[in-house]
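Work through the exercises below with the coordinates open. Each task is followed by a stepwise solution.

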Amino acid sequence: MKNFTIKELTKVSGLNRTDIKKHLIAQTLKNKPSTSKGYFIDQDELNRWLQELSNFNFEKINSMFNCVDESYSIKSDEYYESVIDISKLSDNWATNNLNGVKFADFFCGAGGLSLGLVMAGMEPILGVENNESIYKTYQNNLGKRFSNLNCFNAMDITNDETKKSIIDYLKGQDIKIICGGFPCQGFSCSGSRVISDVRNTLYSDMLDIVKAVKPEYIIMENVLGLMTIYEGKVLRKILSDYRSVGYKLSYKEINAADYGVAQMRKRIIFIGNRIGKKNVYPAKLIEDPNNYIPCGAILEKYKNLKEDISFNHIFSKHSPEMQQRLLSVPEGKCLYSNYNDSWKKCPKDKPSCTIKGNHGATNIHYELPRVITPREMAALQSFPDDYIFYGTKHSQLLQIGNAVPPYVARAIGLALLKEIQN
């Protein structure tokens with residue numbers, strides 16, 4: 001296989017960059033993304049693609065998201081906000097009392113969503129993640145308390161046999177909630193947002209499991225860009241599909257900073273139920289943005305710590321020249337002009353910009369001549385210090401950046417628990 005850049009593919013095909021990206025993401029031109037630049041493509045595959053290019057119809061990509069009901073939308077009276085009892089806000093996840101509410105977490109990654117629900121007193125019955133090295137983080141943390149999580153390995157829910165075994169297992173449990181932050185890379189505003197990307201349709205595999213298991217509630221998370229892809233067709237497709245299997249599904253934009261996370265991170269949260277109730281969202285814990293938790297309040301305690309790999313406090317090796325460049329970056333600005341939320345120096349007295357895992361690049365420390373460590377990045381995501389990440393440093397950064405902030409999940413869990421107990 002040979003490595004081709006998008007620029008090279010535009011030259012041999014005559015297509016523009018946007019259409020090239022669509023073919024690459026849709027795998028109509030079969031490829032494997034390179035870890036640096038470009039895509040690995042077999043020469044015979046490239047020749048086949050070039051020969052068939054004139055007959056390709058992009059409607060084939062679009063048609064898979066035709067909605068059952070194009071008019072379906074969310075009415076404001078289908079959900080409400082519940083005020084959370086702040087006395088129940090706790091970081092304790094290792095020994096806190098459980099309330100009998102069990103859940104399964106799909107696309108669980110490092111476990112941010114699960115961790116937040118455990119903080120709210122709920123019990124994970126299953127965590128599903130197809131990346132074996134990432135699943136080790138989930139197992140080695142939550143599996144220490146919930147031994148049943150160690151009975152499973154990394155699983156691919158697109159595999160029919162795997163999906164059936166999951167369904168059979170969950171049907172034997174008294175499960176109340178199925179949740180999942182289904183993969184959002186293809187939905188990202190910074191990508192080409194092609195809806196046939198396999199990562200964008202994994203929600204339908206989760207839908208198959210929801211349809212079979214029939215939990216009372218579902219929780220899903222994704223990026224805001226999901227709402228505008230193809231003039232809202234993707235969003236309406238998801239709403240319509242879940243309604244077709246008996247769920248009233250609502251969605252709402254949530255900012256992590258409103259729930260005590262020292263980060264400006266806006267995401268879309270889906271909540272649904274099949275028992276005829278209004279869906280519930282947590283009311284903001286911090287109403288006034290002036291009272292948001294700033295970076296400094298979270299990161300100061302790590303400032304003088306020595307490097308500790310076992311604690312995920314791993315320093316990046318910067319040359320003296322790079323250290324000077326990092327020090328000279330003004331607060332609120334990026335080292336590189338083509339980045340928005342990577343290599344950015346967030347002010348000490350304000351929340352961080354959105355932590356992302358797509359580049360593996362972290363933010364610049366507001367005071368020290370280095371980028372922040374995985375442990376500092378995890379703290380800005382609201383992970384407690386006793387939650388350890390496994391794998392290479394690069395993998396740790398990706399796991400942390402892609403996670404649902406536990407404090408957001410905790411707030412959702414407490415609001416939902418209040419409704420369940422009522």
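**Exercise 1. Classify Phe 311 by accessibility and place it in the chain.**

Step 1. Phe 311 has a relative accessible area of 18%. Buried means under 20% relative accessible area, exposed means over 50%, and partly exposed lies in between, with a 1.4 Å probe and protein chains only as cover. Phe 311 is therefore buried.

Step 2. Phe 311 sits in the loop between H10 and H11. Helices (H or I, at least four residues) and strands (E, at least two) are DSSP runs, numbered from the N terminus.

Step 3. Pro 374 is 63 residues from Phe 311 along the chain, with 9.0 Å between their C-alpha atoms.

A note on the input: this is a predicted model, where local features need pLDDT of at least 70 and side-chain atom pairs count only at pLDDT 80 or more, while totals for chains, interfaces and linings use all residues. Residues are numbered from 1 along each chain as its sequence is written, and side-chain values use heavy atoms, with hydrogens and water left out.

**Exercise 2. Do the same for Tyr 366.**

Step 1. The relative accessibility of Tyr 366 is 8%, so Tyr 366 counts as buried.

Step 2. Tyr 366 belongs to the loop between H11 and H12.

Step 3. Take Lys 344 as its partner in space. The two residues are 22 apart in sequence, and their C-alpha atoms are 9.2 Å apart.

**Exercise 3. How many salt bridges does the structure hold, and what do some of them link?**

Step 1. Set the criterion. A salt bridge is a side-chain nitrogen of Lys or Arg within 4 Å of a carboxyl oxygen of Asp or Glu. Side chains of opposite charge can pair when their charged atoms come close.

Step 2. Count. The total is 17 salt bridges.

Step 3. Take Asp 385 and Lys 301. Their side chains form a salt bridge at 2.9 Å, N to O. Asp 385 lies in the loop between helix H12 (374-380) and helix H13 (393-402), and Lys 301 in the loop between helix H10 (295-299) and helix H11 (320-328), so the bridge ties together parts 84 residues apart in sequence. Asp 385 is partly exposed at 25%. Lys 301 is exposed at 53%.

Step 4. Take Glu 367 and Lys 303. This salt bridge spans 3.2 Å, N to O. Glu 367 is in the loop between H11 and H12 and Lys 303 in the loop between H10 and H11, so that distant parts of the chain, 64 residues apart, are linked. Glu 367 is partly exposed at 39%. Lys 303 is buried at 18%.

Step 5. Take Lys 317 and Glu 307. They meet at 3.7 Å, N to O. Both lie in the loop between H10 and H11, so this pair ties together parts ten residues apart in sequence. Lys 317 is exposed at 69%, and Glu 307 is partly exposed at 36%.

Step 6. Look for a network. Salt bridges link Glu 300, Lys 303, Lys 348 and Glu 367.

**Exercise 4. Which residues of H1 are buried, and where do they fall around the axis?**

Step 1. The buried residues in H1 are Ile 6, Leu 9, Thr 10 and Ser 13.

Step 2. Viewed down the axis of H1, they fall within an arc of 105°, so they line one face of the helix. The arc is that of the directions from the helix axis to the C-beta atoms.

Step 3. Recall the geometry. An α-helix has 3.6 residues a turn, so residues three or four places apart point the same way.

Step 4. Turn to the face directed away from the buried side. Lys 7 and Lys 11 are exposed there.

Step 5. Go just past H1. Gly 14 has a positive phi of about 85°.

**Exercise 5. Which residues form the positive surface patch?**

Step 1. Patch members have over 30% relative accessible area and no salt bridge; like charges are joined within 9 Å.

Step 2. The members are Lys 7, Lys 11, Arg 17 and Lys 21. Helix H1 (6-13) and helix H2 (17-26) each supply at least two residues.

Step 3. Check Arg 17, in helix H2. Its relative accessibility is 46%, so Arg 17 counts as partly exposed.

**Exercise 6. What is the phi of Phe 107, and what is that of Lys 214?**

Step 1. Most residues other than glycine have a negative phi, and most peptide bonds are trans.

Step 2. Phe 107 has a positive phi near 55°. Phe 107 is in the loop between strand E5 (102-106) and helix H5 (112-119), and is buried at 16%.

Step 3. Lys 214 has a positive phi near 60°. Lys 214 is in the loop between helix H8 (202-213) and strand E8 (217-223), and is partly exposed at 48%.

Notes: Patches are made of residues with over 30% relative accessible area and no salt bridge: like charges are joined within 9 Å, nonpolar side chains (Val, Leu, Ile, Met, Phe, Trp, Tyr) within 5 Å. Accessible areas come from the Shrake-Rupley method with a 1.4 Å probe; for residues, only the protein chains shown count as cover. Lys and Arg count as positive and Asp and Glu as negative; His and the chain ends are not counted. The place of a charge is taken as NZ of Lys, CZ of Arg, CG of Asp or CD of Glu.
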